[in-house]
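Biologist: Thanks for sitting down with me. Could we go through this model together, with the reasoning behind each label?

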Amino acid sequence: MVKSRPDRYGAIAVSIHWLSAILILALLGSGFRAANAMDAAAKAGFLRFHIPVAIVVLLLTAPRIVWWWRFDRKPLPLDGSPRWQERIARGVHAAFYIVILGMVASGIGLMVLSGAAPAVFGESGAVLPNFAEYPPRVPHGLGALLIVGLLIFHAGAALYHEFARRDRLLRRMWYGG
């Protein structure tokens, strides 16, 4: 089943969700390691991984938003879920999209304003700039912390549903019939 049904997500939504989750974790790891790297070569190495992966996340996120708006419907809320939980869930998902797009924009801003691309992608003699000197660095760093918080909240809510409420929420976001 490609599209979502009233009781579960479709294969496209499931695929984009889990691939995005893995890539966002990789982005957080490589981004925090780059930010804390003292050696310019190590920092550039982390960024050589980080930047293309961020582009892939953008290329997954934009179609995912269009998919929800134009082609697919999300499953119905779980039976017995309080309305306030449904509202919070919608808010967390919207926050993910907003923060992800903001992270991409601030990352592009950092690369453009700092002129870091030659140093990151190995041009000989190019020097890696001090990213802290550029305004997009602040929202990029705050966005990373926000993503961590959203991930913790999101995963915690999923685990709560799966183990405390035993309503099989995670099964809805996996393949199968």
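Biologist: What share of the contacts with a separation of 6 or more is made by residues 24 or more positions apart?

Modeller: Happy to start there, and please keep in mind that this is a predicted model. Residues 24 or more positions apart make 72% of those contacts in the protein chain. A pair of residues counts as a contact when heavy atoms lie within 4.5 Å.

Biologist: What pattern do the helices and strands of the protein chain follow?

Modeller: The pattern along the sequence is α-α-α-α-α-α, with six helices and zero strands. The C-alpha atoms fill a box of roughly 60 × 30 × 25 Å along the principal axes.

Biologist: How much of the chain is buried, and what makes a residue count that way?

Modeller: A residue is buried when its relative accessible area is under 20%. By that cut-off, 37% of the 177 residues are buried. The accessible surface comes to about 10,700 Å², and carbon and sulfur atoms hold 69% of it.

Biologist: How do the positive and negative side chains compare in number, and how far apart are their centres?

Modeller: There are 19 positive and 9 negative side chains, and the centres of the two sets are 6 Å apart.

Biologist: Why is Leu 142 called exposed?

Modeller: Leu 142 has a relative accessibility of 52%. The cut-off for exposed is over 50%, so Leu 142 counts as exposed. Leu 142 belongs to helix α5. Its C-alpha atom is 9.1 Å from that of Met 103, which is 39 residues away along the chain.

Biologist: Now for the loop between α5 and α6. What makes the phi of Arg 166 worth a remark?

Modeller: Phi of Arg 166 is near 55°, a positive value in a residue other than glycine. Most residues other than glycine have a negative phi. Arg 166 sits in the loop between α5 and α6, and Arg 168 is in the loop between α5 and α6 as well. Phi of Arg 168 is also positive, near 60°.

Biologist: Why is Arg 166 called exposed, and why is Arg 168 called partly exposed?

Modeller: Arg 166 has 65% relative accessibility, and exposed means over 50%, so Arg 166 is exposed. Arg 168 has a relative accessible area of 48%. Partly exposed is the range between under 20% and over 50%, so Arg 168 is partly exposed.

Biologist: What makes a space a cavity, and how many of 30 Å³ or more does the structure hold?

Modeller: In a cavity, a 1.4 Å probe fits but cannot get out. The structure holds one of 30 Å³ or more, and about 60 Å³ of space lies in the largest cavity. Its lining includes Arg 64, Trp 68, His 93 and Tyr 97. Helices α2 (40-71) and α3 (83-114) each supply at least two residues of that lining.

Biologist: And what makes a space a pocket instead? Which residues lie nearest the centre of the largest one?

Modeller: A pocket is an open set of points with protein on both sides. The volume of the largest pocket is about 1,200 Å³. Of its 39 lining residues, Tyr 9, Ala 89, His 93, His 154 and Leu 169 lie nearest the centre.

Biologist: Which helix gives the most to that pocket lining?

Modeller: That is α3, with eleven residues. Among the helices that each supply at least two residues are α1 (11-36), α5 (137-165) and α6 (169-172).

Definitions and conventions
Residues are numbered from 1 along each chain as its sequence is written. This is a predicted model: local features need pLDDT of at least 70, side-chain atom pairs count only at pLDDT 80 or more; totals for chains, interfaces and linings use all residues. Side-chain values use heavy atoms; hydrogens and water are left out. Helices (H or I, at least four residues) and strands (E, at least two) are DSSP runs, numbered from the N terminus. Buried means under 20% relative accessible area, exposed over 50%, partly exposed in between (1.4 Å probe, protein chains only). Accessible areas come from the Shrake-Rupley method with a 1.4 Å probe; for residues, only the protein chains shown count as cover. Lys and Arg count as positive and Asp and Glu as negative; His and the chain ends are not counted. The place of a charge is taken as NZ of Lys, CZ of Arg, CG of Asp or CD of Glu. On a 1 Å grid over the protein atoms alone, a cavity is a set of points where a 1.4 Å probe fits but cannot get out, and a pocket is an open set with protein on both sides within 12 Å along at least five of seven lines; lining residues have an atom within 4 Å of a point. Grid points are joined across faces, edges and corners, and a volume is the space filled by probe spheres set on the points.
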